[in-house]
Amino acid sequence: MPAAEHAAATAPAPATQHAAASPHVPATHRHPASGRRAVAVLVLVAVAAVVPLFGPTAVLDGTGEAEAPGTPGITFLRTVLFAAICVQLGEIFVRRLARRVPGAPASVPPGWGWWAAAAGCVAALGLASVVASGNLVPHQPSDLDVGGLYQSRDGRLALLEVNAFVVAALCARSRRPGGAVLPLAAVIVAEALRAHPPTEDTALVGSGLTLVHLTCAALWAGGLLYALRTLRRWRNDAPEAGIAVLGLYARVAAVLFAAITATGILSTLRRMPPDTVVDQLTDTAYGRTLLAKVLLVAVVAVLALLARRRLKRSPAASLTPYAPARAEVVVLGAVVAMSALLTAVPLPIRW
């Protein structure tokens with residue numbers, strides 16, 4: 001991601017320095033970055049709630065397609081599940097990059113892997129309960145057929161995801177948090193298989209595309225989040241090391257973005273024959289959701305270019321390139337929510 005490469009030069013000075021120089025300045029002025037982070041978190045939470053609540057109705061309006069039971073709830077649970085994968089996998093990814101930088105500080109940003117895995121486990125349990133009730137929203141314990149989960153393919157995949165997140169949480173608490181790669185990979189494989197049942201034509205091809213797409217997207221989005229956290233952590237003690245980490249991430253991110261684009265196009269053509277894509281992008285819920293996701297990804301690209309341009313025109317100490325980089329994270333949060341909605345709306349009809 002181009003924006004991430006240039007954010008390091010513009011990281012703000014710590015609030016403690018300003019407080020020491022001006023002891024009578026109100027606390028709200030001593031910690032402006034805390035307020036900005038709080039706003040960013042609130043925006044992400046709002047996106048996670050607004051898209052599942054209003055997204056299905058918006059994209060289904062006028063299409064003639066029926067909304068499946070519990071679509072908003074399922075969308076929310078998948079948003080949490082996808083975000084959990086991104087946060088923990090991106091954290092492991094960037095930490096490994098940081099170890100390749102000579103002279104990098106031993107201190108790294110606190111890990112969010114355990115919390116992400118715990119949230120993912122809760123979301124996976126919620127999705128498993130839907131499968132256990134016959135793909136309906138359960139209203140009471142008697143609606144659940146837990147034993148039936150072992151009898152169906154979707155049920156076994158749902159149980160695999162729950163157990164994988166439990167293992168990922170244990171790994172995050174261990175001395176080797178990087179071991180969570182394997183259980184997270186199991187979750188991604190389960191999602192890829194779930195998205196393409198055996199009754200689908202060339203299901204393995206579709207699962208392979210989804211596997212690559214979801215893996216690259218998780219590394220891209222989660223990696224950017226942790227790269228910016230690392231930048232902020234090292235902005236005073238080792239700014240050169242922070243820049244080096246971001247440079248390594250940016251080079252890999254360019255490849256990840258290319259893979260995401262290629263697999264996204266191929267997956268779209270599998271769902272929608274080329275001569276029907278234009279019509280289905282506006283006339284079907286799946287097409288509308290996909291179009292919204294593509295537009296959001298375009299916004300991410302624009303923010304990256306804006307950060308690069310601002311860096312060239314601004315002094316080294318300016319914060320202007322850093323703002324678009326953080327905005328990228330927020331927009332990527334919206335992309336994650338739209339991806340979750342894409343799994344909950346009806347599949348397009350192959351005309």
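A residue counts as buried when its relative accessible area is under 20%, as exposed when that value is over 50%, and as partly exposed in between. The structure to which these terms are applied here is a predicted model, and asparagine 135 offers a case to begin with: its relative accessibility is 46%, so asparagine 135 counts as partly exposed. Asparagine 135 sits in the loop between helix H6 (113-132) and H7, and although asparagine 135 is not a glycine, its phi is positive, at about 60°. Most residues other than glycine have a negative phi. Threonine 202 is likewise not a glycine and has a positive phi, of about 45°, and threonine 202 is placed in the loop between H8 and helix H9 (203-234).

Before the helices are taken in turn, the confidence of the prediction deserves attention. The mean pLDDT of the protein is 81, and 79% of the residues reach 70 or more. Over residues 1-31, however, pLDDT stays under 50, and the model has 58 contacts beyond four places in sequence for these residues. A further stretch, residues 315-319, also has a pLDDT below 50, and the model gives this stretch eight contacts beyond near neighbours in sequence. Where pLDDT is low, the predicted coordinates should not be read in detail.

As for the overall architecture, the protein contains 13 helices and zero strands, so that the order of elements, read from the N terminus, is α-α-α-α-α-α-α-α-α-α-α-α-α. Of the 351 residues of the protein, 46% count as buried. Among the contacts in the protein with a separation of 6 or more, 78% are accounted for by residues 24 or more positions apart.

Helix H8 (residues 181-195) is a useful place to look at the packing, since H8 is in contact with helix H5 (residues 71-98) and also with helix H7 (residues 153-173). H5 and H8 pack at an angle of about 140°, with their axes 11 Å apart. Angles over 145 degrees would count as roughly antiparallel, and H5 and H8 are therefore oblique to each other. Their crossing is left-handed. On the side of H5 the contact involves Arg78, Leu81, Phe82, Ile85, Gln88, Leu89, Ile92 and Arg96, which meet Val181, Leu184, Val187, Ile188, Glu191 and Arg194 in H8. Sorted by class, the contact of H5 with H8 comprises nine nonpolar, one polar and four charged residues.

The packing of H7 against H8 has an angle of about 160°, and the axes of the two helices are 8 Å apart. That angle makes H7 roughly antiparallel to H8, and H7 passes H8 in a left-handed crossing. From H7 the contact draws on Arg153, Asp154, Leu157, Leu160, Glu161, Ala164, Phe165, Val167 and Ala168, while H8 contributes Pro183, Leu184, Ala186, Val187, Ala190, Glu191, Leu193 and Arg194. Twelve of these residues are nonpolar, none is polar and five are charged. Leu184, Val187, Glu191 and Arg194 of H8 thus appear in the contact with H5 as well as in the contact with H7.

The loop between H7 and H8 holds serine 174, which at 34% relative accessibility counts as partly exposed. Serine 174 and tryptophan 114 are 60 residues apart in sequence, and their C-alpha atoms are 9.9 Å apart in space.

Further along the chain, H9 and helix H10 (residues 239-271) pack at an angle of about 155°, with their axes 8 Å apart. That angle makes H9 roughly antiparallel to H10, and the crossing of H9 and H10 is left-handed. The contact of H9 with H10 has 24 nonpolar, seven polar and one charged residues.

Towards the end of this walk comes leucine 295, which lies in helix H12 (residues 285-313). At 51% relative accessibility, leucine 295 counts as exposed, since the cut-off for that class is a value over 50%. The C-alpha atoms of leucine 295 and valine 335 are separated by 9.3 Å, although the two residues are 40 residues apart along the chain.

Note on methods
Residues are numbered from 1 along each chain as its sequence is written. This is a predicted model: local features need pLDDT of at least 70, side-chain atom pairs count only at pLDDT 80 or more; totals for chains, interfaces and linings use all residues. Side-chain values use heavy atoms; hydrogens and water are left out. Axes are lines fitted to C-alpha atoms, for helices over the stretch in contact, and angles run from 0 to 180 degrees between N-to-C directions. Helices (H or I, at least four residues) and strands (E, at least two) are DSSP runs, numbered from the N terminus. Angles under 35 degrees count as roughly parallel, over 145 as roughly antiparallel, 65 to 115 as roughly perpendicular and the rest as oblique. A crossing is left-handed if the near helix is turned anticlockwise from the far one by less than a right angle, and right-handed if clockwise. Contact means heavy atoms within 4.5 Å. Ala, Val, Leu, Ile, Met, Phe, Trp, Tyr, Cys and Pro count as nonpolar, Asp, Glu, Lys and Arg as charged, and the others, Gly among them, as polar. pLDDT is the predictor's confidence in each residue, from 0 to 100. Buried means under 20% relative accessible area, exposed over 50%, partly exposed in between (1.4 Å probe, protein chains only).
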